[in-house]
Amino acid sequence: MLTSVDAEVVRALADPLRLRIVTLLAREALCTTHLVAETGARQTNLSNHLRVLREAGLVETEPCGRFTYYKVRPEALEALASFFGGLAQSVHNAGNARRPCP
């Protein structure tokens with residue numbers, strides 16, 4: 001079963017724009033100006049999505065002059081990958097196991 005933190009991460013990544021943002025940030029740290037150019041989303045919309053991603057623990061900020069850069073926290077994605085890898089392994093291990101109906 002997912003923990004509350006894991007469920008929050010999954011919910012955060014369920015939005016297509018947030019998933020796109022994480023995909024972009026996985027390649028390099030970007031500021032909102034870059035993200036607006038890459039996604040076509042409005043700055044206020046991006047800021048709201050980035051807040052959700054920060055609160056879920058997926059991204060962190062790094063101030064750089066008057067800009068704030070965002071980058072992915074690799075340990076957050078590694079934990080999620082580990083969870084889903086374990087879940088996939090459980091499916092393989094279960095094979096054709098089936099609980100009988102009462």
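Is Glu 60 buried, partly exposed or exposed, and what is its relative accessibility? In this predicted model, Glu 60 counts as partly exposed because its relative accessibility is 31%, a value that falls between the limits of 20% for buried and 50% for exposed residues. The residue lies in strand β2, which spans residues 59-64. Beyond its neighbours within four places in sequence, Glu 60 is in contact with Tyr 69, Tyr 70, Lys 71 and Arg 73. Ala 29 is separated from Glu 60 by 31 residues in sequence, and the C-alpha atoms of the two are 9.7 Å apart.

The nonpolar interior was examined next. The largest nonpolar core comprises 21 residues, and those with the most contacts inside it are Ile 21, Leu 25, Leu 35, Leu 53 and Leu 58. At least two residues of this core come from each of α1 (4-14), α2, α4 (43-55), β3 (67-72) and α5 (74-94). Helix α2 gives the most, with five residues. In soluble globular proteins, nonpolar side chains tend to be buried together. For Leu 53, contacts outside the four-place sequence neighbourhood are made with Ala 12, Arg 18, Ile 21, Val 22, Leu 58 and Val 59. Two of these partners, Ile 21 and Leu 58, are also listed with Leu 53 among the core residues with the most contacts.

Arg 18, a charged partner of Leu 53, is found in helix α2 (residues 16-27). Arg 18 is buried yet has no salt bridge. The nearest side chain of opposite charge is that of Asp 15, at 4.5 Å, whereas a salt bridge requires a separation within 4 Å. The side chain of Arg 18 is instead joined to that of His 49 by a polar contact of 3.1 Å. When residues up to four places away in sequence are not counted, Arg 18 touches Arg 11, Ala 12, His 49, Val 52 and Leu 53. Ala 12 is thus listed as a contact of both Arg 18 and Leu 53.

The cysteines were considered last. A search of the whole structure finds zero disulfides. For Cys 31, the closest cysteine sulfur is that of Cys 64, at 9.0 Å, and no bond is possible because this distance is too far; the cut-off for a disulfide is 2.5 Å. Cys 31 is classed as buried because its relative accessible area is 4%. Cys 101, by contrast, has a relative accessible area of 72% and is therefore exposed.

Note on methods
Residues are numbered from 1 along each chain as its sequence is written. This is a predicted model: local features need pLDDT of at least 70, side-chain atom pairs count only at pLDDT 80 or more; totals for chains, interfaces and linings use all residues. Side-chain values use heavy atoms; hydrogens and water are left out. Helices (H or I, at least four residues) and strands (E, at least two) are DSSP runs, numbered from the N terminus. Buried means under 20% relative accessible area, exposed over 50%, partly exposed in between (1.4 Å probe, protein chains only). A polar contact is a pair of N or O atoms within 3.5 Å; within protein, one must be able to donate a hydrogen and the other to accept it, and residues adjacent in sequence count only if both atoms are side-chain atoms. Contact means heavy atoms within 4.5 Å. A nonpolar core is a set of buried Ala, Val, Leu, Ile, Met, Phe, Trp, Tyr and Cys residues joined through side-chain atoms within 4.5 Å.
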